[in-house]
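Please open the structure in a viewer and keep the sequence panel beside it. The tour proceeds by selections, each followed by a description of what is there.

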Amino acid sequence: MASEEQLKTIEGAKVLMVGAGGIGCELLKTLALSGFRDIHIIDMDTIEVSNLNRQFLFRQSHVGQSKAKVARDAVLKFRPNINITPYHANVKDPMFNMEFFKDFNVVLNGLDNLDARRHVNRLCLAAEVPLVESGTTGFLGQVTVHVKGKTECYECQPKPTPKTYPVCTITSTPSKFVHCIVWAKDLLFAKLFGDRTRENDLYVRSSDADGSVKHSEDIFEQSADEDLEQYGRKIYDNIFGHSIEATLSNEETWRNRNKPKPIYIRDVLPHKFAKPNGSSEENCANDDTNISAMASLGLKNPQDVWSLEESTRIFMEALRLFNEKRKKDVGSLIFDKDDQLAVEFVTAAANIRASSFGIPLHSLFEAKGIAGNIVHAVATTNAIIAGLIVIEAIKVLQGDAKKYRMTYCVEHPLRKMLLMPVEPFEPNKSCYVCSETPLLLEVNTRRSKLRDVVEKIVRSKLGMNFPLIMQGSNLIFEVGDDLEEDIAASYASNLEKVLSELPAPVTGGTMLTVEDLQQEFSCNINIKHREEFDEETEPDGMVLSGWTPAAPTEKAAHAISNGEGTSSAPPGTSEAEIVDDVEIVPAQTDVPVGTKRKLTEILNSKDGGSDDVRQGKRAIEVDDNGGDDDVVLMLEENPEKKKRLQ
């Protein structure tokens, strides 16, 4: 039972919840039943059928409605006398600024992506509001406490990065089904249904290819005299037939590899494609994201592995449905794991490519898990983590810093314990977010454009949404709706200029100041000129250091982009493991030792004392997987020196 003092603290607190999904539903319920009376919820998502098995505040009738608003209404039915304010919005919207965050006593995160987590972390630091973070995946979960100046911030420890695959592996020499998924999702789907003006490496080949395959864009354009059947056959033959033949022309490439087999549609479907009897357009849902090639062809079980012929039929039917039923979307589509037709197309294309390269085929269920980086959630874990969030929130509200704990929920008992509490650590002195340590960017200043730095570094790695870039006192780039037209045009023109040719030239030895006024965050970047970069290991053509980038995790990630952050895993784990048809992703880094102190040692030390060795502690990092919650990865304890967890 809570003491009278605790009850007063709880009842008088104003709490902000970010996220009303798997953890959020459990958290809102637990907050309400624990006595909290003023709760605000931000969530931009609407309810989907796939949420209903674990997000217990929602019902079938709520599908399509705001998660935040429905969650509020559901809880008020059993706690009618409390105040719950929902916001059906993105936490990165301008209205949720530092002043908004200052209005709360504590912020509780139940988010599902790294970008939003970093955004909230920075606003909490700026507003000096405590943050309680959380994440779950399957039976694993974690809760961490972040208080400015007392504990490390969310970004003090680097986060996991998905593995990136060399373009040549994806386009020419795939050896795993995940390579085929990346090709189908990030290259083929994007080329056919996305923005065709964007750079796309779909036809990168071996260096000795004789160029006999058509390169031109008209492969993907439907000519006036082509019907959809002819258009689909042309695309099929080019990407699965002619293009494969072109890669075979380089004998050196296949000296130690199994050669792929070109596949032409006439060999799979010799006659004009026709839907089987009994199939009907009526089987396709009216909702665009639920239009289904499987339903149209009479295929029902997503766990069946399609044959090459079935994959070809799905490929052709999905292409037809996109161009007939969703014509208005073609040209702007981005792959979405909840878009049934998109998943069917990617699965079919990946299976046809896998068949060509002698790679085992996969079911739609398996392919969706790989393409969407899905790790299935367990409702009980969400409930446990929600309870731990509330416990830490109460400690934070009481200012009881010595009792703060980062708690990890593990799948198998460790020393007969399923919950592993660890004392928080002090802020990382080299953290570029909370300690303002300068970063170092190695870049060819005579070749790279400002756009490259903005997109690959400022937005992608540093997570800034509305960046402002200064070289000394000169403003060289800014984003904002309130800019005058001529100024906005000037900044836009700077994007296309080489760094050394900007109005305020950026060369070796220059320092850039980068700010995001919405996040109330800024950092300095020292520039070091470098002539050459390795295309495979440094595909961005620039290297950011000072933020300890991670060893990559093995995951179906974008084939060409770089991720950010690090994670760790037990020694001896190097390949991705498949458990319950889901790709569980290990990663590898070393345990950082000798640099941090326990929070209690800081609080008990008058002058801060000397650094103690952080050895023997079990550390766990969240791997943002883009799914419902977060993958939790664990480090083995240091066998040389073990400490009992409290």
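Which residues of helix 16 (residues 485-495) are buried? In this predicted model, they are Tyr491, Asn494 and Leu495. Viewed along the helix axis, these three cover an arc of only 110 degrees, which puts them on the same side of helix 16. Glu485 and Asp486, on the other side of helix 16, are exposed. To see what covers the buried residues, add helix 15 (450-459) and strand 12 (474-478), which are included in that cover.

**Strand 13 and its partners**

Next, select strand 13 (residues 511-516) and display its side chains, which alternate along the strand. Leu512, Val514 and Asp516 point to one face and are buried. Met511, Thr513 and Glu515 point to the other face and are not buried.

Now add strand 11 (residues 467-471), which runs antiparallel to strand 13 and is joined to strand 13 by 5 bridges. Within this pair, methionine 470 stands opposite threonine 513. Strand 14 (residues 521-529) also pairs with strand 13 in the antiparallel sense, here over 6 bridges. Here the residue opposite aspartate 516 is phenylalanine 521.

Follow the chain from strand 13 into strand 14: the two form a hairpin with 4 residues between them. In the turn, glutamate 520 has a positive phi of about 55 degrees.

**Glutamine 519**

Remain in the loop between strand 13 and strand 14 and select glutamine 519. Is this residue buried or exposed? Glutamine 519 has a relative accessible area of 0%, and the limit for buried is under 20%, so glutamine 519 is buried.

Display the side chain of glutamine 519 together with that of histidine 119: a polar contact of 3.1 Å joins them. The side chain of glutamine 519 also reaches the backbone oxygen of glycine 463, at 3.0 Å. Beyond four places in sequence, the residues that glutamine 519 touches include Arg122, Leu123, Ala126, Met464 and Asn465.

**The open sheet**

Turn next to the open sheet, in which 8 strands follow the order 3-2-1-4-5-6-8-9 with mixed pairing. Its edge strands are strand 3 (83-87) and strand 9 (417-422), each of which pairs on one side only. Neighbouring strands of this sheet are turned by 20 degrees against each other on average, direction ignored.

Within the sheet, select strand 1 (residues 14-18) and strand 4 (residues 106-109), which run parallel and are joined by 4 bridges. Methionine 17 has leucine 108 in strand 4 as its bridge partner.

Two helices may now be added. Helix 2 (residues 22-33) lies across strand 1, strand 2 (38-42), strand 3, strand 4 and strand 5 (131-137), and runs at about 165 degrees to strand 1. Helix 5 (residues 114-127) lies across strand 1, strand 4 and strand 5, and runs at about 165 degrees to strand 5.

**Four cysteines annotated as a binding site**

Select Cys153, Cys156, Cys431 and Cys434, which an unreviewed UniProt entry lists under "binding site". Although they span 282 residues in sequence, no two of their C-alpha atoms are more than 8.6 Å apart, so they gather at one spot.

Two of these cysteines deserve a separate look. Cysteine 153 is in the loop between strand 6 (140-146) and strand 7 (161-162). With a relative accessible area of 4%, cysteine 153 is buried. Leaving aside neighbours within four places in sequence, its contacts include Asn121, Leu125, His146 and Val433, as well as Cys431 and Cys434.

Cysteine 434 is in the loop between strand 9 and strand 10 (439-443). Its relative accessible area is 30%, and cysteine 434 is partly exposed. Leaving aside neighbours within four places in sequence, cysteine 434 is in contact with Leu125, Cys153, Cys156 and Pro427.

**The annotated active site**

The last selection is Cys168, listed for "active site" in the unreviewed UniProt entry. Cysteine 168 lies in helix 6 (residues 167-171). Which residues does cysteine 168 touch, not counting residues up to four places away in sequence? Display Thr173 and Glu536, for these are the residues that cysteine 168 touches. At 36% relative accessibility, cysteine 168 counts as partly exposed.

How values were computed:
Residues are numbered from 1 along each chain as its sequence is written. This is a predicted model: local features need pLDDT of at least 70, side-chain atom pairs count only at pLDDT 80 or more; totals for chains, interfaces and linings use all residues. Side-chain values use heavy atoms; hydrogens and water are left out. UniProt positions are given in the numbering used here, feature names are shortened, and annotations may be inferred rather than shown by experiment. Buried means under 20% relative accessible area, exposed over 50%, partly exposed in between (1.4 Å probe, protein chains only). Contact means heavy atoms within 4.5 Å. Two strands pair if DSSP finds at least two bridges between them. Axes are lines fitted to C-alpha atoms, for helices over the stretch in contact, and angles run from 0 to 180 degrees between N-to-C directions. The arc is that of the directions from the helix axis to the C-beta atoms. A polar contact is a pair of N or O atoms within 3.5 Å; within protein, one must be able to donate a hydrogen and the other to accept it, and residues adjacent in sequence count only if both atoms are side-chain atoms.
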